[in-house]
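Me: Could you take a close look at one part of this structure for me? I would like a single strand and its surroundings, told as one connected story.

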Amino acid sequence: MDYVVPAAPQPSVAVVGTSARFPVRRIYCVGRNYLAHVREFGNDEKAPPFFFAKANSMIVEDGAAIEYPPLTANYHHEVELVAAIGKGGANIAAESALDHVYGYAVGFDMTRRDLQQAAAKKGHPWEIGKSFDNSSPCGPVYPVAKVGHLKEGEIQVTVNGQVRQHSDLNLMMWDVPHIISQLSQQVTLAPGDLIYTGTPEGVSAVVSGDTLVGSIAKLGILTIKIG
Ligand code: MN
């Protein structure tokens, strides 16, 4: 195939236990999936979680240093369980949704909070606050064959060694099967899709020079330095 401009490379992340990589297709994120995080911003506790998206080129791998992004003075970490889709489908039933998961990883849904909130106030899309260069750090994928499915377990992020977010996966409002089922009613999922499943309370600002270490039980750690 000839292209008139250079074609984008295929973004991918490492997979534990193999040199083969997980090719990233689309990135979806769940908003407001932990009650304590809904409360810390005074959002509607009765409203169901919802989805937004990032481009696959916004993936950053474990160990990377990333630039402090432009336009923001309130750059936040959100540590999240990431589900990596291995089998696609539309209108997937919650009962069979876990069959579609290849594995799991630790992710950061990096957020320009000031821009996100300003956009929300105007009724504009969240795009500028959520979808920007290097906004989707993702650790290595742990295959289900190795770790099983994660319904509970500690989720945490430290900044320069200090705990900022600490919770448990069992506090998600929608669990992974219901997230997949809901999302697959909106779009057809395919192998390579990543779903960031929402963040617990404790989100806070980071600055240049900070080191973020995210961890989830059974999934190791994700380390990112802000350059
Ligand atoms: Mn998030």
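Reply: Happy to; here is a walk around strand β3 and on to the aromatic residues beside its partner. Keep in mind that this is a predicted model.

Strand β3 covers residues 27-31, and five of its five residues are buried, so the strand is largely enclosed by the rest of the structure. In a regular strand, side chains alternate between the two faces of the sheet. Here both faces are covered: Ile27, Cys29 and Gly31 are buried on one side, and Tyr28 and Val30 are buried on the other.

Two strands pair with β3. Strand β4 (residues 50-54) runs antiparallel to β3 and is joined to it by five bridges; within that pairing, Cys29 has Phe52 as its bridge partner. Strand β15 (residues 194-196) pairs with β3 in the parallel sense, over three bridges, and there Tyr28 stands opposite Ile195.

Strand β4 also leads to some aromatic contacts. The whole structure holds six aromatic pairs. One of them is Phe50 with Trp126, an edge-to-face arrangement with 5.2 Å centre to centre and 75° between the planes. Phe50 lies in β4 and Trp126 in the loop between α2 (113-122) and α3 (127-130), so this pair ties together parts that are 76 residues apart in sequence. Trp126 counts as buried, at 17% relative accessibility, while Phe50 is partly exposed, with a relative accessible area of 26%. Phe52, the β4 partner of Cys29, belongs with Phe50 and Trp126 to one aromatic cluster, which brings us back to β3.

Methods
Residues are numbered from 1 along each chain as its sequence is written. This is a predicted model: local features need pLDDT of at least 70, side-chain atom pairs count only at pLDDT 80 or more; totals for chains, interfaces and linings use all residues. Side-chain values use heavy atoms; hydrogens and water are left out. Buried means under 20% relative accessible area, exposed over 50%, partly exposed in between (1.4 Å probe, protein chains only). Helices (H or I, at least four residues) and strands (E, at least two) are DSSP runs, numbered from the N terminus. Two strands pair if DSSP finds at least two bridges between them. Rings of Phe, Tyr and Trp (its six-membered ring) pair if their centres lie within 6.5 Å; planes under 30 degrees apart count as stacked, over 60 as edge-to-face and the rest as tilted.
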